[in-house]
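Biologist: Please take a close look at one part of this model for me. I would like to hear about the salt bridge search, and then how that part sits in the rest of the chain.

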Amino acid sequence: MLPHDLSERLRVARMQAVSKRKVYRRVGVEAVLSNGGAATLGSGDEGLGWWSRIASALPLLVLAVGLVTINAIQNEKIANEIAVVDVALLVDDLPPAAYADPGFVQFIKAGSGVTP
């Protein structure tokens with residue numbers, strides 16, 4: 001507990017500081033917000049308009065479309081490689097021992113111009 005005269009002086013100093021404090025008027029300018037120990041730049045309002053929400057979701061949509069496209073291209077490439085091997089198997093007259101050879105698929109790919 002502080003002595004009475006010291007606590008009274010602190011109270012008076014606090015009252016003077018509160019009375020002299022400047023009142024800041026909020027304008028439409030972005031402010032620096034405190035976010036759990038990290039400062040962020042923002043307007044402070046959480047309500048986003050429809051265009052802002054669409055603009056926020058657009059990169060995610062582009063990323064998803066890109067990933068689906070890459071997957072489709074990779075699947076087509078793999079299917080074409082398998083088709084080349086199947087065509088070589090069906091067209092060529094091979095002895096049965098060739099089908100049991102572990103390097104047969106690489107041999108077919110090397111002979112047809114497809115790189116493994």
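**Salt bridge and setting**

Modeller: A search of the whole structure finds one salt bridge. This is a predicted model, so that count rests on a cut-off: side-chain atom pairs count only at pLDDT 80 or more. The partners are Arg11 and Glu8, whose side chains meet at 2.4 Å, N to O. That lies within the 4 Å limit for a salt bridge. Side chains of opposite charge can pair when their charged atoms come close.

Why can these two reach each other? Look at the spacing. Arg11 and Glu8 are three residues apart in helix α1, residues 4-20, so about one helical turn separates them. Next, check the exposure. Arg11 is partly exposed, at a relative accessible area of 45%. Glu8 is partly exposed too, with a value of 29%.

Now the setting. The protein has four helices and two strands. From the N terminus, the order is α-β-β-α-α-α. Of the 116 residues, 6% are buried.

Confidence varies along the chain. The average pLDDT of the protein is 77, and 72% of the residues score at least 70. The lowest confidence falls in strand β1, residues 31-35, with a mean of 53. The highest is in α2, at 90.

Helix α2 deserves its own pass. It covers residues 50-91, which is 42 residues. From first C-alpha to last, α2 reaches 60 Å. The expected figure is 62 Å at 1.5 Å a residue, and the span of α2 is close to it. Yet α2 has a kink. The bend is about 30 degrees and lies at Leu58. The proline Pro59 follows shortly after.

Leu58 comes up again at the surface. This residue of helix α2 is partly exposed, with a relative accessible area of 47%. Leu58 also belongs to a nonpolar surface patch with Leu61, Val62 and Val65. Together the four have about 380 Å² of accessible area.

To recap, two sites stand out for inspection. One is the Arg11 and Glu8 salt bridge, with its partners about one turn apart in α1. The other is Leu58, which carries the kink in α2 and shares in the nonpolar patch.

How values were computed: Residues are numbered from 1 along each chain as its sequence is written. Side-chain values use heavy atoms; hydrogens and water are left out. The expected span of a helix is 1.5 Å times one less than its number of residues. The bend at a residue is the angle between axes fitted to the seven residues ending there and the seven starting there. Buried means under 20% relative accessible area, exposed over 50%, partly exposed in between (1.4 Å probe, protein chains only). pLDDT is the predictor's confidence in each residue, from 0 to 100. Patches are made of residues with over 30% relative accessible area and no salt bridge: like charges are joined within 9 Å, nonpolar side chains (Val, Leu, Ile, Met, Phe, Trp, Tyr) within 5 Å. Accessible areas come from the Shrake-Rupley method with a 1.4 Å probe; for residues, only the protein chains shown count as cover.
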